[in-house]
Amino acid sequence: IMLGVNPKNIKRNITDLITSNTILFVGVIRENVGLDIVYKFLKDNPEYNLKIIGICDMKLYENHMQTIKDYGITSRVYFPNRFFFDEELNETSKTCFVGIALYSIDNTSTIYYADPGKVKTYTEMGLPVIMSKTSSIAPYIKNFRAGEVINRDSKSLKKAIDRIKKHYSLY
């Protein structure tokens, strides 16, 4: 667990985590949060699933649901378009093996200076994080072996997932 986060007492079975193929996304859903990259990854890797715990406006939700349908991944994506808190979120995270934070890396992004809540949430829950090279917290993810820092594309996502699955106990 990284400095500055308070670990939650979530009982996890390492064997279940290694065999789990469910990715977790927690947070406000905007156009630039990288879910499109995860959808493409899911389309190309049918053994994986995704849980999206967050909210967006109805038009954006409909766009996401259409993309999910177009990619043929509807049965593998759970997206209730609402936030979960505390116990409900902790319970949901038990079936996931990794948290995703694929922040936008363009020059207009303010995430570099932000305090990334989703990264802290994942680490508090004891989940490895896969995040893009955007935030000033990225070096800490590497230094504390809290996850993988990647380029923002589905090929890099696949490599990071493979590394985490292969060496899960190191995270």
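This report describes strand pairing, one helix, two backbone outliers by sign of phi, and the cysteines in a predicted model.

**Strands around E5**

Strand E5 covers residues 129-132, and its side chains divide between two directions: Val129 and Met131 point one way, while Ile130 and Ser132 point the other way. All of these residues are buried. In a regular strand, side chains alternate between the two faces of the sheet.

E5 has a parallel partner in strand E4 (residues 98-101), to which three bridges join it. In this pairing, Met131 of E5 stands opposite Ala101. E5 also runs parallel to E6, and here four bridges make the connection. Val129 has Gly147 of E6 as its bridge partner. Together with helix H6, the strands E5 and E6 make a β-α-β unit, and the unit is right-handed.

**Helix H4**

Helix H4 spans residues 86-93. Its buried residues are Leu89, Asn90, Thr92 and Ser93. Seen down the axis of H4, these buried residues fall within an arc of 160°, so they line one face of the helix. The elements that cover them include strand E1 (22-26), strand E2 (49-53) and helix H5 (117-124).

**Positive phi outside glycine**

Two residues that are not glycines have a positive phi; they are listed below with their loops.

| Residue | Phi | Loop location |
|---|---|---|
| Asn81 | about 55° | between strand E3 (77-78) and helix H4 (86-93) |
| Arg145 | about 50° | between helix H6 (138-143) and strand E6 (147-150) |

The loop of Asn81 thus leads to H4, the helix described above. Asn81 counts as buried because its relative accessibility is 14%, and the cut-off for that class is under 20%. The loop that holds Arg145 lies between H6 and E6, two elements of the right-handed β-α-β unit.

**Cysteines**

How many disulfides does the model contain? The count comes to zero, where a disulfide would require a pair of cysteine sulfur atoms within 2.5 Å. Cys56 has a relative accessible area of 11% and is therefore buried. Cys96 also counts as buried, because its relative accessibility is 0%.

Definitions and conventions
Residues are numbered from 1 along each chain as its sequence is written. This is a predicted model: local features need pLDDT of at least 70, side-chain atom pairs count only at pLDDT 80 or more; totals for chains, interfaces and linings use all residues. Side-chain values use heavy atoms; hydrogens and water are left out. Buried means under 20% relative accessible area, exposed over 50%, partly exposed in between (1.4 Å probe, protein chains only). Two strands pair if DSSP finds at least two bridges between them. A crossover is right-handed if, with the strands pointing away from the viewer, the path from the first strand over the helix to the second runs clockwise. The arc is that of the directions from the helix axis to the C-beta atoms. Contact means heavy atoms within 4.5 Å.
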